[in-house]
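User: Could you take one part of this model and go over it closely, at the level of individual residues? I'd like to hear how it connects to whatever sits around it.

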Amino acid sequence: MKDRASVVLERCDRLAGISEERGAITRPYGSRAMREVNDLVSGWMREAGMTVKRDPFGNLIGLYEGTGEKTLVLGSHLDTVRDAGRYDGTLGVMVVLACVEELRDRGERLPYSVEVVAFADEEGLRFGATLLGSSVYAGAFDAALLDLEDAGGVTLSRAVRDFGGDPDALERATRANEDLLGYGEVHIEQGPVLDEKGLPVGVVTAIGGQSRLVVRFTGEAGHAGTVPMERRRDALCAAAQFVLDVENAARAEPEAVATVGEISARPGASNVIPGEVEHSLDLRHPDDASRERLRDRLEQRAGEIASSRGCAHGWRMRGETPAVRTDPQLTALLERAVESVGLDAHRLVSGAGHDAAQVSALAPVAMLFVRCEKGISHHPAESVDKESVSAAIQVMGRFLTLPELSSSSTPGEST
Ligand code: HGY
Ligand code: MN
Ligand code: MN
C-alpha cells in the first residue's frame, strides 16, 4: 500500500491541476475550480469514513465521529492566491485527512470526534478581504463585506449565492463551541527558518497581525503629448512616490513588512496621463500597536504627497486581523507530540496570516508548520519534501491520541 505522505503529495498535485488559469494555480472563492476542488475533497472525506456538509459560505466540513461528546477541529484552506504554489492551505487539509484515514484503517474511533474544515476563502484573492471562510465559521463575519465587489462588479453576496451558499445565513452560521477541544492547523511555514535549521516541522507560538487597505490617488487625465510637465496632476507619479515611501518606512521599522501587490491606473492608455490610480497596501507586524502606528503614519504621508501634487487621495480599510498567540496548553500538547516522534519542537512566529488566527475567537488553537524549500511561497516554486510531510502526518497522528486530548476535557483544564 502506498505510504500516506505519497498519497498526500499526489493529492496536492491533483488539486494543483484544478485552476481558473491555464498553466498556473489560481483558485479564487466561488470559482468553478473551487467547486471542483470541494467535490473532489468531499469524495476523499467520505471514503475516509466522514460525513460531509457545506456551511452557508461554502466551507467544506467533514466529521469523523468519535465515542465521546467533544470535538477537535483540524483544518486549513483550499483557495489560493494567483499563480500560487500547490501546498499553501492544501497541504494542511490533506495531512489531517491522512490522519483520519489512518484511524479508519485501524478501525479506531477516538473518545472525541474529529472535524476537518476546508475553508473556502482564506487568501481574499477575489474580494480583497482575507479569512472570510474562517470568519463565518468563527462567528466574526462582517455582513458589510457582502457589498464588496470583485473585478467584474459581482458582489460577495451574489458570489456566495452562486456558490450554493446563503449570504443571509452567514452571520448565524457560527460553529457552536461548547463541544470544542480546540483547533489544529497544519501549514507550510512560508518562511526559511525550518529549511535553514534542517527541521521537518515546527510549532507556531503566534501569528502576526495584518492590515489590508486600498489607497487611491486622483489627479487629472490628459494628453501625454501636450500637457507640460509642470501642469500635470499625474496620479501614477503620486502613487509611485508613495509606494517607495511605503518601502522606506517598512525598512526603517524593525519587524515590519509592507507590500503593494496590486495596482491599476485609469484610463489606462499609453498616451494618456493617468487620472486615477488605485493600489493595495498590505502591512504586517508581530506587534499590533507598531503596525497601527505605521498604518497611520503612512495614511498621513499619502495625504502629504497627494496635496503636494494637486491630487486627492482615498484610504479604504479592507480588513485587519490582530496578532494572535496560539493557546499555550494546546501548543504544549503539540510540542509533546513532536518530541514523542523524536523531533525537535522548534517554536516560531508566523509572519503569514492563517485561519487559526480567526478561529482563535472560537476555540484554543495550535499550529504545526511544515518545512518548505527556501521558504518560497505564493509562488509556483513552492515545494515540500516527502520526509517533512511524513513527519507532519506522524506528529498529528500522535497528537490525536494524546491522553490529555482523549480525556475529553478542554486541554486548558486538564494540563
Ligand atoms: O497573506 C497571508 O499571510 C496568507 O497567505 N493568506
Ligand atoms: Mn497564502
Ligand atoms: Mn495559507
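Analyst: Let's warm up on Glu101, which touches Arg4, Arg11, Trp44 and Ala48, leaving out residues up to four places away in sequence; contact here means heavy atoms within 4.5 Å. Glu101 sits in helix 3, and at 6% relative accessible area it is buried. For that scale, buried is under 20% relative accessible area, exposed is over 50%, and partly exposed is in between, with a 1.4 Å probe and protein chains only. Helices (H or I, at least four residues) and strands (E, at least two) are DSSP runs, numbered from the N terminus.

A quick word on ground rules. Residues are numbered from 1 along each chain as its sequence is written, while chains are lettered from A and ligands numbered from 1 in the order they are written. This is a predicted model, where local features need pLDDT of at least 70, side-chain atom pairs count only at pLDDT 80 or more, and totals for chains, interfaces and linings use all residues, and side-chain values use heavy atoms, with hydrogens and water left out.

Now the part I'd zoom in on: strand 12. It runs over residues 276–285, and 10 of its 10 residues are buried, so the rest of the structure largely encloses it. Both faces are covered: Glu276, Glu278, Ser280, Asp282 and Arg284 are buried on one side, and Val277, His279, Leu281, Leu283 and His285 are buried on the other.

What does strand 12 pair with? One partner is strand 7 (residues 209–218), antiparallel over 10 bridges; strands count as paired if DSSP finds at least two bridges between them. In that pairing, Val214 stands opposite Ser280 of strand 12. Strand 9 (residues 257–259) also pairs with strand 12 in the antiparallel sense, over 3 bridges, and there Val257 has Arg284 as its bridge partner. Strand 10 (residues 263–266) is antiparallel to strand 12 as well, over 4 bridges, with Ile263 bridged to His279.

Just past strand 10 there's something worth a click: the peptide bond between Arg266 and Pro267 is cis, with omega about 5°. Pro267 belongs to the loop that leads from strand 10 to strand 11 (272–273).

Back to strand 12, where Arg284 also meets the ligand. Residues around ligand 1 are Glu122, Glu123, Gln190, Arg212, Arg284, Ala352, Gly353 and His378, where being near takes a heavy atom within 4 Å. By class that shell has 1 nonpolar, 3 polar and 4 charged residues. (Ala, Val, Leu, Ile, Met, Phe, Trp, Tyr, Cys and Pro count as nonpolar, Asp, Glu, Lys and Arg as charged, and the others, Gly among them, as polar.) The side chain of Arg284 has an N or O atom 2.7 Å from an oxygen atom of ligand 1. For His378, the side-chain N or O atom is 3.0 Å from a ligand 1 oxygen, and for Arg212 a polar side-chain atom lies 3.2 Å from one. The protein covers 95% of the 210 Å² of accessible area that ligand 1 has on its own, using Shrake-Rupley areas with a 1.4 Å probe.

The other end of the story is His285, which is in contact with Ser290, as is Glu253, once neighbours of Ser290 within four places in sequence are set aside. Ser290 lies in helix 8 (residues 288–308) and counts as buried at 9% relative accessibility. Its side chain makes a polar contact with the side chain of Asp287 at 2.5 Å. A polar contact is a pair of N or O atoms within 3.5 Å; within protein, one must be able to donate a hydrogen and the other to accept it, and residues adjacent in sequence count only if both atoms are side-chain atoms.

Leu281 of strand 12 leads on to Trp315, which is in strand 13 (residues 312–321). Trp315 touches Leu213, Val214, Val215, Phe242, Leu281, Arg295, Leu298, Glu299 and Ala302, not counting residues up to four places away in sequence.

Two backbone oddities to finish. Asp83, in the loop between strand 3 (71–77) and helix 3 (90–105), has a positive phi near 55° without being a glycine; it is partly exposed at 32% relative accessible area. Lys374 also has a positive phi, about 60°, and is not a glycine. You'll find Lys374 in the loop between strand 16 (365–370) and helix 11 (386–400), exposed at 58%.
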